[in-house]
Amino acid sequence: MAETKDKLLDAIEAVHAAGLEEELWPEALAAATRLLGANCATLETLRVPDLQHLSFLGFNTPPAAQLLYLREYVPLSPRTRFAVSRRAGDVIWDHQMMSEAAMDRDPFYQEFLRQVDLRYFYGGVIGHDGHEMTAVTFHRARKQGHAARREIALISRLTPHFRQAYDMSKRLREARSKAGALQAVVDWLADGVALLAADGTVLYANDALQEILRRNDGIRIAKRAIVFAAQEAVTRFAFALGAASRLHAGETTGGGLYDFSVPRPSRGSPYLLSLRPILRSEAGRSGYHAPVAMLFVHDPSPPGQRKPQALREALGLTAAEARLAQALQGGASVADYARDHGLSLNTAYTHLRRIKEKTGCKRLPELIRWLNDLRLPLRRER
């Protein structure tokens, strides 16, 4: 009895650890398999309408058997159809759905399970929203016997823990995906961008901001926090961050859009800062150290034009077309550009015609306005 209790506690601990770190799920399945006296275990998520697998994880399951199961036998499995018909939290085992005689006649049991020396299963439905179903199942050979009252009692105690851990794992996976997508977006921006927590901690800074911070020209980072040389900037930033945090938390008053400048000891053009709140549904993470705001830092010092590579990636321009677009945006004429680059006027106008086709602009003034209004801003060349 004491040994079973220890194994149960070990299994519960392993399951909840896997909820926080997905790579630990094999260890959780192993601990539960030892507790339940099973031969192997599986954790499967299927799309409900067509029973297509979205994920499959096995412990101690032969790779060849996994491939055979996924390729040919999922549609034949009465277990899958039975699990899909149950609700989240239900405990399931063979004798709920068929007798020993029915197993002897069933193709899944006779063609697949028999050749991999498995017969019985017991487990729990740990996720079911009508679109996806997730089940954890433990498998035994015929000689090990079917699930007895002891195993049913233990899986009944484990299933709620599997449900909690699976839900946590799913939420964290979705949050990381959203956070990763947000970071990927800010990496493209030419302006410096930081994702900020409510206490001002910098959760992420794109390359452009890191370049600005390294200059230590009125703005820097210390202990993962933004530090300003000017006291007025410190005050305005703190006020803006507080307002953004309140908006993130659900308050609907007090604004949330703040712009201010930061002087530079080098006497260069002041940095232009904008702080924008991130709504909780967009944050991608939860908890105190979730991103509550985005800080944009713009350096107006020339050259402020977009780089040709950014225009190529954004508009599908060739390198020559992008260089001409940048020159036109900077005020150069087509003739000046052709002369400066050693091109014939005909070639330069051919590039211009293709740029117009790709942007949908008909006339040159319209094209220049379009480029100025584009306001990507895209990532810098490296």
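The largest cavity of this predicted model encloses about 320 Å³ of space. A cavity is a set of points, on a 1 Å grid over the protein atoms alone, where a 1.4 Å probe fits but cannot get out, and lining residues have an atom within 4 Å of a point. A volume is the space filled by probe spheres set on the points, which are joined across faces, edges and corners.

Residues are numbered from 1 along each chain as its sequence is written. As the model is predicted, local features need pLDDT of at least 70 and side-chain atom pairs count only at pLDDT 80 or more, whereas totals for chains, interfaces and linings use all residues.

Two cavities of 30 Å³ or more are present. Of the 25 residues lining the largest, T42, E44, Y69, T137 and H139 lie nearest its centre. The second largest is lined by W93, D94, H95, Y120, F121, H146 and A147.

| Cavity | Volume | Elements supplying at least two lining residues each |
|---|---|---|
| Largest | about 320 Å³ | β1 (40-47), α3 (63-73), α4 (78-85), α7 (107-113), β5 (132-140) |
| Second largest | about 30 Å³ | α5 (94-97), β4 (120-128) |

These elements are DSSP runs numbered from the N terminus: helices (H or I, at least four residues) and strands (E, at least two). The protein has 16 helices and twelve strands.

By class, the lining of the largest cavity comprises 16 nonpolar, seven polar and two charged residues; that of the second largest has four nonpolar, two polar and one charged. Here Ala, Val, Leu, Ile, Met, Phe, Trp, Tyr, Cys and Pro count as nonpolar, Asp, Glu, Lys and Arg as charged, and the others, Gly among them, as polar.

Technical notes
Heavy atoms only, no water. 1 Å grid on protein atoms, 1.4 Å probe; cavity = no way out; pocket = protein on both sides within 12 Å on 5 of 7 lines; lining within 4 Å.
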